[in-house]
Amino acid sequence: MDIQALPGETVRSAGPGVIGYAGELAGRGVVTVIHPDGLRTTYLPVRASVRPGQAVESGTPLGAAENLPGHCPVPCLHWGLLRGSAYLDPLLLLGFGQVRLLPTADRAAA
């Protein structure tokens with residue numbers, strides 16, 4: 001999920017857990033939080049202010065959003081949710097349920 005975020009804006013943990021990774025990966029800053037329920041959240045591009053093994057709570061600052069020119073039309077944060085190697089919809093953590101993309105009216109009539 002892409003969330004508009006200005007460079008320097010504080011990025012916070014979606015839930016309690018332990019930092020699994022905090023550093024550069026493929027030229028961008030990445031932070032991963034391992035949650036006690038077997039879920040993992042990822043945040044990028046982020047200049048990390050946490051370190052691997054550090055315990056965090058919901059809302060704990062993880063670092064600052066970075067601008068990575070060319071990857072999105074506006075500066076943004078990529079927020080991911082995984083169980084094992086399967087990507088899930090991070091909106092599930094907020095109680096919004098599964099996102100479904102529907103055809104546009106023009107395509108539905110065709």
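**Close-up views of a predicted ten-strand, one-helix model**

**View 1. The S4–S5 hairpin.** Strands S4 and S5 make a hairpin with four residues between them, and Gly38 in the turn has a positive phi of about 85°. Strands here are DSSP E runs of at least two residues and helices are H or I runs of at least four, numbered from the N terminus. S4 covers residues 28-34, while S5 spans residues 39-44. The two run antiparallel and are paired over four bridges; strands pair when DSSP finds at least two bridges between them. If you look for a residue couple to centre on, try Val31, which stands opposite Tyr43 in S5.

Before moving on, please note that this is a predicted model, with residues numbered from 1 along each chain as its sequence is written. Local features need pLDDT of at least 70, side-chain atom pairs count only at pLDDT 80 or more, and totals for chains, interfaces and linings use all residues, while side-chain values use heavy atoms, leaving out hydrogens and water.

**View 2. The S3–S4 hairpin.** On to the partnership of S4 with S3, residues 17-25, where seven bridges link the strands in the antiparallel sense. Two residues lie between these strands, and Ala26 in this hairpin takes a positive phi near 55°. Glu24 has Gly29 of S4 as its bridge partner. Another couple to pick out is Tyr21, which faces Thr32 in S4. S3 also pairs with S7, residues 55-56, through two antiparallel bridges. There, Gly17 stands opposite Val56 in S7.

**View 3. Thr32 within strand S4.** Five of the seven residues of S4 are buried, leaving the strand mostly covered. Buried means under 20% relative accessible area, exposed over 50%, and partly exposed in between, using a 1.4 Å probe and protein chains only. Thr32 belongs to S4 and is buried, its relative accessible area being 11%. Apart from neighbours within four places in sequence, Thr32 is in contact (heavy atoms within 4.5 Å) with Val18, Ile19, Gly20, Tyr21, Arg40, Thr41 and Thr42. One of these, Tyr21, is the residue that stands opposite Thr32.

**View 4. The open sheet S2-S8-S6.** Here three strands form an open sheet in the order S2-S8-S6, with antiparallel pairing. S2 (10-12) and S6 (46-48) stand at the edges, and each has a single partner strand, so one side of each lacks a neighbour in the sheet. S2 and S8, the latter covering residues 61-65, run antiparallel and are joined by three bridges. A useful couple for orientation is Arg12, which stands opposite Pro61 in S8.

**View 5. Ala14 in the loop after S2.** Ala14 sits in the loop between S2 and S3. With a relative accessible area of 39%, Ala14 is partly exposed. Setting aside neighbours within four places in sequence, its contacts are Tyr43, Ser58, Trp79 and Leu93. You can also pick out His35, 21 residues away along the chain from Ala14, with 9.6 Å between the two C-alpha atoms.

**View 6. The largest pocket.** The largest pocket holds about 160 Å³ of space. On a 1 Å grid, a pocket is an open set of points where a 1.4 Å probe fits, with protein on both sides within 12 Å along at least five of seven lines; lining residues have an atom within 4 Å of a point. Points are joined across faces, edges and corners, and the volume is that of probe spheres set on them. Around this pocket you will find Ile3, Gln4, Ala5, Glu9, Thr10, Val11, Arg12, Ala14, Tyr43, Leu77 and Trp79. S1 (2-4), S2 and S9 (76-83) are the elements that give two or more residues to this lining. S2 supplies the largest share, three residues. Ala14 from View 5 is also part of the lining, as is Tyr43, the residue opposite Val31 in View 1.

**View 7. The whole protein.** Stepping back, the protein has one helix and ten strands, arranged along the sequence as β-β-β-β-β-β-β-β-β-β-α. Of its 110 residues, 33% are buried. Among contacts between residues at least 6 apart in sequence, 56% join residues at least 24 apart.
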